[in-house]
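Here are my notes on the model, set out as numbered points. Please read them with the structure open.

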Amino acid sequence: MIQLKGINKHFGKLHVLKDVSLSVAAGEKVVVIGPSGSGKSTLIRCVNLLEKPTSGSVTVNGIDITAPNAPVTKIRESVAMVFQQFNLYPHKTVLENVTLAPILIKGVAKAEAEESGLVFLERVGLRDKAAAYPAQLSGGQQQRVAIARALNMKPQIMLFDEPTSALDPEMIQEVLDVMISLAQEGITMIVVTHEMGFARQVADRVVFMDGGQILEEGSPEHFFTNPTHERTKLFLSRIL
Ligand code: ADP
Ligand code: MG
């Protein structure tokens with residue numbers, strides 16, 4: 001479903017991704033962990049071209065999205081992303097937030113986008129908040145709206161970039177619960193998170209990044225019982 005091959009990313013002189021390769025199969029759930037600044041966000045942003053690699057190729061669903069004439073809009077339709085800072089539109093209602101992208105980007109009729117939007121809001125437990133504004137919601141609720149918004153694009157791939165890191169502790173689980181239920185449905189997911197309970201429960205594979213490289217990957221089991229690299233051990237000892 002996703003193939004990153006020999007990805008390098010430079011920001012000016014900063015070499016942020018160093019020859020990173022990663023393949024993700026359809027339906028697979030990959031959790032990416034690693035210290036701050038190790039390149040996790042940059043890596044997953046390459047999957048929907050929020051960042052363009054300096055070199056290397058990204059193939060999504062058989063399409064080389066790094067090719068000069070790549071259908072970027074089409075890629076964005078099939079790859080949805082949920083951010084740490086929910087990024088909801090403050091002056092739009094919850095339902096408007098959830099319907100905007102399908103209407104504008106995919107050309108879905110308003111009534112249809114609203115109908116499916118309400119289904120996804122129901123899904124995340126927030127149908128009764130459809131007419132509310134983001135500021136009237138808690139952080140956990142806002143993040144669940146952001147997930148409903150992503151789902152309303154009917155994506156094949158969901159990218160999550162530390163979706164619970166900005167939340168108060170008591171709101172983390174409600175968001176993780178939504179993600180866990182999504183994971184059970186067969187959607188392809190790449191999740192950057194430090195929530196090891198989530199990784200243990202959901203991940204088919206955990207990828208540890210450090211210094212712009214993938215240092216180690218394996219099953220959650222491997223990481224919890226038998227990590228190989230000193231840096232992985234050190235990192236895990238700090239977060240667990
Ligand atoms: P992580 O998500 O693992 O914390 P990031 O991918 O956000 O790491 O960042 C990796 C490195 O790239 C960091 O040193 C960060 O400061 C730098 N970086 C990220 N985005 C940009 C940008 N747009 N411009 C310049 N430097 C950036
Ligand atoms: Mg990040």
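1. In which strand is the place of Val207? Val207 belongs to strand S9. The model is a predicted one, and what follows should be read with that in mind. Val207 is buried, at a relative accessible area of 0%. Its C-alpha atom is separated by 7.2 Å from that of Val30, although the two residues are 177 apart along the chain.

2. Strand S9, residues 205-210, also holds Phe208. The ring of Phe208 pairs with the ring of Phe235, and the count of aromatic pairs comes to one. The geometry is tilted, with 5.4 Å centre to centre and 40° between the planes. An angle of 40° is neither under 30 degrees, as stacked requires, nor over 60, as edge-to-face requires, so the pair is classed as tilted. Phe235 lies in helix H9, residues 230-239, and the pair links distant parts of the chain, its members being 27 residues apart. Both Phe208 and Phe235 are buried.

3. A second ring to check is that of Phe224. The charged end of Arg200 sits over this ring, 4.0 Å from its centre.

4. On the annotation: the UniProt entry, which is unreviewed, carries "domain: ABC transporter" over residues 2-236. Over residues 2-236 the chain is 37% helix and 26% strand. The end C-alpha atoms of this stretch are 27 Å apart.

5. Ligand 1 deserves a careful look. The residues around ligand 1 include Phe11, Leu14, Val16 and Pro35. The run from Ser36 through Gly37, Ser38, Gly39, Lys40 and Ser41 to Thr42 is also part of this shell. Two polar backbone atoms lie close to oxygen atoms of the ligand: one of Gly37 at 2.7 Å, and one of Ser38 at 3.2 Å. On the side-chain part, an N or O atom of Thr42 is 2.5 Å from an oxygen atom of ligand 1. Taken alone, ligand 1 exposes 560 Å², and the protein buries 60% of that.

6. Which elements give two or more residues to the shell around ligand 1? They are strand S2 (14-24) and helix H1 (40-45). The largest share, three residues, comes from H1.

7. Strand S2 also contains Val20. Val20 is buried, with a relative accessible area of 2%. The C-alpha atoms of Val20 and Ile7 are separated by 4.8 Å, with their positions 13 residues apart along the chain.

8. Is Gln143 buried or exposed? Gln143 is in helix H5, residues 139-151. With a relative accessible area of 0%, under the 20% cut-off, Gln143 counts as buried. Its side chain reaches the backbone oxygen of Phe83 at 2.7 Å.

9. Two backbone angles should be checked by eye. Most residues other than glycine have a negative phi. Leu49 has a positive phi of about 65° although it is not a glycine. Leu49 is found in the loop between H1 and strand S4 (55-60), and it is buried, with a relative accessible area of 14%. Asn61 is the other case: its phi is near 55°, again a positive value in a residue other than glycine. Asn61 lies in the loop between S4 and strand S5 (63-64). Asn61 is partly exposed, at a relative accessible area of 39%, whereas Leu49 is buried.

10. Strand S5 is the place of Ile63. Is Ile63 buried or partly exposed? Ile63 has 30% relative accessibility, so it counts as partly exposed. The C-alpha atoms of Ile63 and Ile75, 12 residues apart along the chain, are separated by 8.7 Å.

Technical notes:
Residues are numbered from 1 along each chain as its sequence is written. Chains are lettered from A and ligands numbered from 1 in the order in which they are written. This is a predicted model: local features need pLDDT of at least 70, side-chain atom pairs count only at pLDDT 80 or more; totals for chains, interfaces and linings use all residues. Side-chain values use heavy atoms; hydrogens and water are left out. Rings of Phe, Tyr and Trp (its six-membered ring) pair if their centres lie within 6.5 Å; planes under 30 degrees apart count as stacked, over 60 as edge-to-face and the rest as tilted. Helices (H or I, at least four residues) and strands (E, at least two) are DSSP runs, numbered from the N terminus. Buried means under 20% relative accessible area, exposed over 50%, partly exposed in between (1.4 Å probe, protein chains only). A charge sits over a ring if NZ of Lys or CZ of Arg is within 6 Å of the ring centre and within 35 degrees of the ring normal. UniProt positions are given in the numbering used here, feature names are shortened, and annotations may be inferred rather than shown by experiment. A residue is near a molecule or strand if one of its heavy atoms lies within 4 Å of it. A polar contact is a pair of N or O atoms within 3.5 Å; within protein, one must be able to donate a hydrogen and the other to accept it, and residues adjacent in sequence count only if both atoms are side-chain atoms. Accessible areas come from the Shrake-Rupley method with a 1.4 Å probe; for residues, only the protein chains shown count as cover.
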